[in-house]
Amino acid sequence: MSASPGEIRIGAELVSPPYLLDAAAAKAYLEGIEQPPLRRPRGNIHDNKDAAKKAGFVAPIAAGEQTIAIVAQFLADNFGMRFVRGGRIDVSLTRPVFYGDTLTTHAKIVSVGPQRAELQIHVENQRSAQVLTGSATIRLSDA
């Protein structure tokens, strides 16, 4: 469902339902989107415990692009074509996401201009640690 124009006001906050990024979801993403089978490297930080530990992680981590995709889907679900056609996101991945983490996306409208609204966005894991922070822009019209 898309937020109505009346809901796009400074201070309005949106929060997603929790999303479990389990190994099956991460594997499907890695195989289908990030690395098609013909290009898939073996033994990286996303699927190999030793490679992850060598890189400084306690276990394999989910692809950063998957966390970004979760945010983009949340914005598309809430703002529809106002995000899909002409919206933007600018994010930083601040902490690793481990398989089994539950992620919640947050968006707060911080400014509304004549044609666009600016949002602060972040994603938290189940320990309330921010794993992604950034900003987003949506258009105010569906056209």
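**Long-range contacts, strand pairing and the largest pocket**

In the predicted model, 65% of the contacts in the protein with a separation of 6 or more are accounted for by residues 24 or more positions apart. The protein has 143 residues, of which 38% count as buried. Its accessible surface comes to about 8000 Å², and carbon and sulfur atoms hold 55% of that surface.

Four helices and six strands make up the secondary structure. Read from the N terminus, the elements follow the order β-β-α-α-α-α-β-β-β-β. Two strands thus precede the run of four helices, and four strands come after that run.

Strand β4, which spans residues 101–112, is paired with β1, with β2 and with β5. The pairing of β4 with β1 (residues 13–15) is antiparallel and rests on three bridges; within this pairing, L14 has A107 of β4 as its bridge partner. Strand β2 (residues 19–21) likewise runs antiparallel to β4, and three bridges join the two. Here L21 stands opposite D101 of β4.

The pairing of β4 with β5 (residues 116–124) comprises eight bridges, again in the antiparallel sense. The two strands form a hairpin, with three residues between them. Bridge partners across this hairpin include T105 and V123, as well as H106 and H122. In a regular strand the side chains alternate between the two faces of the sheet.

Strand β5 is also joined to β6 by nine bridges, and these two strands run antiparallel. Strand β6 covers residues 130–139. One of the bridge pairs between β5 and β6 consists of E124 and Q130, the latter in β6. The hairpin of β5 and β6 has five residues between the strands.

Two residues of the loop between β5 and β6 were examined individually, namely Q126 and S128. S128 adopts a positive phi of about 65° although it is not a glycine. Most residues other than glycine have a negative phi. With a relative accessibility of 53%, S128 counts as exposed because the value lies over 50%.

Q126 has a relative accessible area of 42% and is therefore partly exposed, the value falling between the 20% and 50% limits. When residues up to four places away in sequence are not counted, Q126 touches G100, D101 and T102. Of these contacts, D101 is also the residue of β4 that stands opposite L21. The C-alpha atom of Q126 is separated by 9.5 Å from that of L20, although the two residues are 106 positions apart along the chain. L20 itself falls within β2, which spans residues 19–21.

On the helical side of the model, Q66 is placed in helix α3. Its relative accessible area is 5%, and Q66 is buried because this value is under 20%. Leaving aside neighbours within four places in sequence, Q66 is in contact with Y19, L21, A25, A26 and Y29. Among these partners, Y19 and L21 lie within the residue range of β2, 19–21, and Q66 of α3 is thereby in contact with that strand.

The largest pocket encloses about 210 Å³ of space. Its lining comprises 13 residues, and those closest to the pocket centre are Y19, A69, I70, Q73 and F74. Helix α3, which extends over residues 64–79, gives the most to this lining, with seven residues. By class, the lining contains seven nonpolar, five polar and one charged residues. Y19 appears both among the residues closest to the pocket centre and among the contacts of Q66.

Note on methods: Residues are numbered from 1 along each chain as its sequence is written. This is a predicted model: local features need pLDDT of at least 70, side-chain atom pairs count only at pLDDT 80 or more; totals for chains, interfaces and linings use all residues. Side-chain values use heavy atoms; hydrogens and water are left out. Buried means under 20% relative accessible area, exposed over 50%, partly exposed in between (1.4 Å probe, protein chains only). Contact means heavy atoms within 4.5 Å. Accessible areas come from the Shrake-Rupley method with a 1.4 Å probe; for residues, only the protein chains shown count as cover. On a 1 Å grid over the protein atoms alone, a cavity is a set of points where a 1.4 Å probe fits but cannot get out, and a pocket is an open set with protein on both sides within 12 Å along at least five of seven lines; lining residues have an atom within 4 Å of a point. Grid points are joined across faces, edges and corners, and a volume is the space filled by probe spheres set on the points. Ala, Val, Leu, Ile, Met, Phe, Trp, Tyr, Cys and Pro count as nonpolar, Asp, Glu, Lys and Arg as charged, and the others, Gly among them, as polar. Two strands pair if DSSP finds at least two bridges between them.
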